[in-house]
Amino acid sequence: PVTTEVNGMLLRRFERRKNEEARPIAVIVGWMGSKDSQLKKYLSHYHNLGFDTLSFAVGPKHILFPQLAMDQMTDVLDTLHTSKEQNLSSPNVLFHSFSVGGFLFGQCLRCMDQFPDTHGQYKKLIKAQIFDSPPDMGSIAFGISKGINLPVMLEKPVEVAVSLFLKATENSSGVHYEESRQAFYRNEAQSPALWFYSHADPISRWQDCEYVWKRWKDQGQDVHVQSFENTPHIQHGRLHPELYFGKINEFLKVTDFKHHVA
C-alpha cells in the first residue's frame, strides 16, 4: 500500500485497479504508546482482507487531558470524511481498538454528536467494532503506570500521582471521562461488536468488560466474545494468533464485510 501521514496518523491505501470498488477503511487504534511496528501483524491482516487502514496510537497526555483525545478522534473522523467525499475509499468503516482505544471510541461517539452534519453519519457507517482489552475509566491510574514502560519501583508512585491528579481534576477532566464512559455504554453505533479480554488482566478487568458487552446485548446489539484465561493485557493476538485472527474472520462473516472473508 501507499502510506501517507495525516495529522500524525498513518493512512495506508492500495491503488485501485480499473473498475475496482473503493476499499473500506479499518481504523486501528493502538494501545498507549504502541509503535507502528507492533501493529504490523494487525495491519497486514486487514490489508490481506482487502481493507485500507488508518492507524495511530496516543500517549498518556491524551488520557490525562481528554480534550486532546477529542481532538484526535475529530481528526480521525475528518480523515474518513475526506476520503469518502473524494471517493478514495468506501464509506464503510471498521474500528479495531486496543486498550485505551475503548475510551477513544467513547470520545469518537461524542464527536459524532458534536458535528452531526459531517460526522453523525458514522454511527451508521461503522459496520463492525472490535475491542481488545478496553479498561474502565476506574483503571486509568493503574493503566498509565503499567503502560509507559517504567521501572517496577516507579510504577506505584506514578499510579498514586496520577490518582491525585485525577482527583484534582474531577470537575474538568473527570467530566470528560464520565461523558465518554456513558457514550461508550450507550454505543449509538449499533453495528456488530467483537470483544477480546482476559480473566488474568488487572487493567482491563473481565468484570468491567462483561458489564459493558452484556449491556450492549440488552440494548439489542449483536455482540461476540472471545475471552482468555491467562493471557496478559493486549497479548491475545501475539500469544494465540490462530484463535485471535480466526475469530476476527469468523466475526466479519456476520457483518457487512462478509464478502472480504468469503
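**Exercise 1.** Which residue in E5 does Ile28 stand opposite?

*Solution.* Bear in mind that this is a predicted model. Begin with the two strands: E3 covers residues 25-29 and E5 covers residues 93-98. They run parallel and are joined by five bridges. Now look across from Ile28, and you will find His96 in E5.

**Exercise 2.** Work out the strand order of the open sheet, and find which strands stand at its edges.

*Solution.* Step one is to trace the order of the eight strands, which is E1-E2-E4-E3-E5-E6-E7-E8, with mixed pairing. Step two is to look at the edges: E1 (2-6) and E8 each have a single partner strand, so one side of each has no neighbour in the sheet. Step three is the twist: on average, neighbouring strands are turned by 15 degrees against each other, direction ignored. As background, strands of a sheet pair through backbone hydrogen bonds, either parallel or antiparallel.

**Exercise 3.** Place helix H9 against the sheet, then decide whether Gln221 is buried or exposed.

*Solution.* Start with H9, which lies across strands E6 (126-132), E7 (193-198) and E8. H9 runs at about 165 degrees to E7. Next, follow the chain into the loop between H9 (206-218) and E8 (223-228), where Gln221 sits. The relative accessible area of Gln221 is 4%, and buried means under 20%, so Gln221 is buried. Then check its surroundings: leaving out residues up to four places away in sequence, Gln221 touches Gln129, Asn187, Ala189, Gln190, Ser191, Ala193 and Trp216. Finally, pick out Asn187, whose side chain is joined to that of Gln221 by a polar contact of 3.4 Å.

Note on methods: Residues numbered from 1 in each chain as written. Predicted model: local features only at pLDDT ≥ 70, side-chain atom pairs only at ≥ 80, totals over all residues. Heavy atoms only, no water. Helix = DSSP H or I, 4+ residues; strand = E, 2+ residues; numbered from the N terminus. Buried < 20%, exposed > 50% of the residue type's maximum accessible area, 1.4 Å probe, protein only. Polar contact = N/O pair within 3.5 Å; in protein donor to acceptor, adjacent residues only side chain to side chain. Contact = heavy atoms within 4.5 Å. Pairing = 2+ DSSP bridges. Axes fitted to C-alpha atoms, helices over the stretch in contact; angles between N-to-C directions.
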